[in-house]
Amino acid sequence: MPHVSVSTTEAARLAKRLTNHFRHKVEVTETDTGYLVKMAGADVILSPKDDELYIEYTRNTATDNPERPYDEGRLRHVITDHLDRMANQNFVYDWQD
């Protein structure tokens with residue numbers, strides 16, 4: 001499962017800000033360990049920890065959007081661009097597959 005860990009002591013606050021932003025366009029569910037975001041073509045899980053925000057996603061054809069076809073590169077860009085803006089800084093992202 002593709003994933004990345006972002007080093008930050010503000011993981012919970014950033015995850016909350018990010019999901020509040022996404023909630024205006026997509027379904028967001030709070031879980032016991034973080035948030036599930038149903039984006040076009042993928043389910044994204046945000047899991048805040050004490051010193052990192054762990055992000056992973058899985059392909060979900062049930063949420064495909066014909067107006068915006070699934071594109072893994074675009075999905076990663078949307079996640080990272082929005083997170084950087086919410087944090088007002090640029091994180092280093094080392095995605096693992």
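The legends below describe one overall view and several close-up views of a predicted model. In this predicted model, local features need pLDDT of at least 70, side-chain atom pairs count only at pLDDT 80 or more, and totals for chains, interfaces and linings use all residues. Residues are numbered from 1 along each chain as its sequence is written, and side-chain values use heavy atoms, with hydrogens and water left out.

**Figure 1. Overall view of the protein, with 2 helices and 5 strands.** Along the sequence the elements follow the pattern β-α-β-β-β-β-α. Helices (H or I, at least four residues) and strands (E, at least two) are DSSP runs, numbered from the N terminus. The C-alpha atoms fill a box of roughly 35 × 25 × 25 Å, taken along the principal axes. The radius of gyration is 12 Å, which agrees with the value near 13 Å for a compact globule of 97 residues; the radius is taken over C-alpha atoms, and the globule rule is 2.2 Å times the number of residues to the power 0.38. Of the 97 residues, 39% count as buried. Buried means under 20% relative accessible area, exposed over 50%, and partly exposed in between (1.4 Å probe, protein chains only). The protein exposes about 5,900 Å², and carbon and sulfur atoms supply 45% of this area. Accessible areas come from the Shrake-Rupley method with a 1.4 Å probe; for residues, only the protein chains shown count as cover. Among the contacts with a separation of 6 or more, 52% are between residues 24 or more positions apart; contact means heavy atoms within 4.5 Å.

**Figure 2. Helix 1 (residues 11–22) and its buried face.** The 12 residues of this helix should span 16 Å at 1.5 Å a residue, and the end C-alpha atoms are 16 Å apart, which agrees. The expected span is 1.5 Å times one less than the number of residues. Buried in helix 1 are Ala11, Leu14, Ala15, Leu18, Thr19 and Phe22. Seen down the helix axis, these residues fall within an arc of 125°, so they line one face of helix 1; the arc is that of the directions from the axis to the C-beta atoms. Their cover includes strand 2 (27–30), strand 3 (35–39), strand 4 (42–48), strand 5 (52–59) and helix 2 (72–87).

**Figure 3. Close-up of Thr19 in helix 1.** Thr19 is buried, with a relative accessible area of 0%. Its side chain reaches the backbone oxygen of Lys16 at 3.1 Å. Not counting residues up to four places away in sequence, Thr19 touches Val28, Tyr35, Val37 and Leu46.

**Figure 4. Close-up of Tyr54 in strand 5.** The side chains of Tyr54 and Glu56 are joined by a polar contact of 3.3 Å. A polar contact is a pair of N or O atoms within 3.5 Å; within protein, one must be able to donate a hydrogen and the other to accept it, and residues adjacent in sequence count only if both atoms are side-chain atoms. Beyond four places in sequence, Tyr54 touches His3, Val4, Ser5, Ile45, Leu46 and Ser47. Tyr54 and Ser7 are 47 residues apart in sequence, and their C-alpha atoms are 8.7 Å apart in space.

**Figure 5. Helix 2, from its start to the residue that follows it.** At 1.5 Å a residue, the 16 residues of helix 2 should span 22 Å; the end C-alpha atoms are 23 Å apart, which agrees. At the start of the helix, a side-chain oxygen of Asp71 reaches to within 3.0 Å of the backbone nitrogen of Gly73. The buried residues of helix 2 include Leu75, Val78, Ile79 and Leu83. Strand 1 (3–7), helix 1, strand 3, strand 4 and strand 5 pack against the buried residues of helix 2. Asn88, in the segment after helix 2, has a positive phi, near 60°. Most residues other than glycine have a negative phi. At 70% relative accessibility, Asn88 counts as exposed.

**Figure 6. Close-up of two buried residues of helix 2, Arg76 and Asp84.** Arg76 has a relative accessible area of 18% and is buried. The side chain of Arg76 makes a polar contact of 2.6 Å with the side chain of Asp97. With residues up to four places away in sequence left out, Arg76 touches Pro2, Tyr57, Trp95 and Asp97. Asp84 is also buried, with a relative accessible area of 13%. Leaving aside neighbours within four places in sequence, Asp84 is in contact with Gln89, Asn90, Phe91 and Tyr93. The C-alpha atoms of Asp84 and Val26 are separated by 19 Å, with the two residues 58 apart along the chain.
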